[in-house]
Amino acid sequence: MTLPAPAIAIRRLSKSYGRTEVLHGIDLEIARGATTCLIGPSGSGKSTLLRCIAFLEEATSGTILIDGQPLGFEEQAAGRRVRLPPQRIRKVRSGIGMVFQQFNLWPHMTALGNVTEALVTVKGLSRQEADARGMAQLRRVGLEARARHYPSELSGGQQQRVAIARALALEPEILLFDEPTASLDPELTGEVLNVMRDLGGEGMTMVVVTHEIGFAATVGQRIVFLDHGRVLLNGTPAELFAAPRHPRLTQFLETYLDRGAAMLLKPA
Amino acid sequence: MSFDGSVILAALPAILSGLKVTLGIWVAATALGIALGFVVAAFRHFGPRPLGLALRLAVEVLRGTPFLIQIFLLYFGGPFIGLSLDPVPAGLLGLSLYAAAYFSEIFRAGFLAVPRGHVEAAQCVGLSQAQIVRRILIPEMTMLVLPQCVNMAVILVKETAVLSIIAVPEATAVISALGSQQYAFVESLFLLAVIYWGLVEACGRAGRALETRLSKFRFA
Ligand SMILES: Nc1ncnc2c1ncn2[C@@H]1O[C@H](COP(=O)(O)OP(=O)(O)OP(=O)(O)O)[C@@H](O)[C@H]1O
Ligand SMILES: [Mg+2]
């Protein structure tokens, strides 16, 4: 029996900024159709790892395979890494959508304009076709009625849902989220997390960097705990959060007591 | 000496022609300054480093010397390097270069002020570098620099008066000549002040109206 190739396969991935290495040979496989939550202390390298997967950062060494296809660089027989031609890079990247902490909507375009931009300029769809698809994605995140609003006219939660619709419009295989609710008021995080929960339910492959431990524990099928640029723990929520717990994870969870982790720390 | 408004009425045709030259040079120099300033900023932001350094030097020289000296040098020094220009073209060229230096700095700061994440979001949905410049950077930068551009246009109206020293027949030259011929210095200077202030006010109002219309595009 052959196992299906993982959605993302990361091998010996290292990343340095100048002389400081911040990721130390990460080996990680991300399962298809599952929600994987990346947790860990501040500065442990979560964003860096996610940005490497989005190819917003170039790893210093190691490889990333998206659906079996090398992203950015290919490892050759002699262990040398060669940069792939831009076309191939873009092809592989097109299977990946990214949602940022700061939303990063383009302020001079409406919600619909943000969602359809790449459909028109990159995919070459007609305005009508792009609008139809864009509206369908906005409906998916519950924002049909706000299609003609500009980002400045939307709440933070609505902006983030538009950003999710923008990523979905290109029909990616994988969606990456970097602390999607971290810059939202508490009462607005729910609407974004609900959209993400629905996407997970539909079988979207998602990698979510989050400090929402409650979300990670309930929606995440896999939890990866990063510490000092290494994968310290990788398992199901039940495995990770059940006692006996790894002391570093306990220490980490204790600092997030006020952020929904309390329930996990109660003695069973 | 009493304030005599009739002098002004009698010379109205001459005054209007001076006003026309002022307006023409101002609008043309602003437009050329914006166009050239944009090209310079784009080369400094995206172009090769040596070119960027050369442009930076040119910009610093233009920003670091008085416009009066620049226009003197261009008009009286130009012929020594084979550049003999009539007053109006010399004035237009001089003011445009001066404007371009300042506009290029405004645009350069504008490019730097567009959040990195907006560009990264565009990369993530597959826009090419050229598409990012055209669809994201330029429109966002324009929103950011609009107030400074209006401010610069206002400064340029006032700088057109400097062109009177190389005998460009603009408002200051025409009206102050009139003042000396008719011994109506106060009247002519007063009129000039009113004219420039009127232009500055109109420009400021137009700028604010534009900003209000575009305010919904502001950064969220
Ligand atoms: N552009 C950069 N240049 C230099 N160092 C960087 C850069 N980006 C990140 N780092 C460093 O890399 C390490 C990992 O940072 P990263 O942002 O990936 O952490 P994180 O786990 O996402 O933290 P947080 O929870 O605070 O977002 C940190 O020590 C950080 O200072
Ligand atoms: Mg981070």
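Colleague: Which element gives the largest share of the lining of the largest pocket?

Modeller: This is a predicted model. In it, α2(A) supplies four residues, the largest share of that lining. The largest pocket has a volume of about 340 Å³. Two elements give two or more residues to its lining: α2 (86-93) of chain A and α7 (129-159) of chain B.

Colleague: Which residues lie nearest the centre of the largest pocket, and how does its lining divide by class?

Modeller: Of 13 lining residues, A:Phe55, A:Arg83, A:Ile89, A:Arg90 and A:Arg93 lie nearest the centre. By class, the lining has five nonpolar, four polar and four charged residues.

Colleague: How should a cavity be read, as opposed to a pocket?

Modeller: A pocket is open, whereas a cavity is a space from which the probe cannot get out. Here there are four cavities of 30 Å³ or more, and the largest has a volume of about 80 Å³. Its lining includes A:Phe55, A:Glu57, A:Glu58 and A:Arg81. Strand β4 (residues 61-66) of chain A gives the most to this lining, with three residues. The lining residues of the largest cavity comprise seven nonpolar, two polar and three charged.

Colleague: On the surface, which residues form a nonpolar patch?

Modeller: B:Leu36, B:Phe80, B:Ile81, B:Leu83, B:Leu93 and B:Leu97 form such a patch, with about 600 Å² of accessible area together. One of them, B:Ile81, sits in the loop between α4 (67-77) and α5 (87-113) of chain B.

Colleague: Is B:Ile81 buried or exposed?

Modeller: A residue counts as exposed when its relative accessible area is over 50%. B:Ile81 has a relative accessible area of 72%, and is therefore exposed.

Terms used:
Residues are numbered from 1 along each chain as its sequence is written. Chains are lettered from A and ligands numbered from 1 in the order in which they are written. This is a predicted model: local features need pLDDT of at least 70, side-chain atom pairs count only at pLDDT 80 or more; totals for chains, interfaces and linings use all residues. Side-chain values use heavy atoms; hydrogens and water are left out. On a 1 Å grid over the protein atoms alone, a cavity is a set of points where a 1.4 Å probe fits but cannot get out, and a pocket is an open set with protein on both sides within 12 Å along at least five of seven lines; lining residues have an atom within 4 Å of a point. Grid points are joined across faces, edges and corners, and a volume is the space filled by probe spheres set on the points. Ala, Val, Leu, Ile, Met, Phe, Trp, Tyr, Cys and Pro count as nonpolar, Asp, Glu, Lys and Arg as charged, and the others, Gly among them, as polar. Patches are made of residues with over 30% relative accessible area and no salt bridge: like charges are joined within 9 Å, nonpolar side chains (Val, Leu, Ile, Met, Phe, Trp, Tyr) within 5 Å. Accessible areas come from the Shrake-Rupley method with a 1.4 Å probe; for residues, only the protein chains shown count as cover. A salt bridge is a side-chain nitrogen of Lys or Arg within 4 Å of a carboxyl oxygen of Asp or Glu. Buried means under 20% relative accessible area, exposed over 50%, partly exposed in between (1.4 Å probe, protein chains only).
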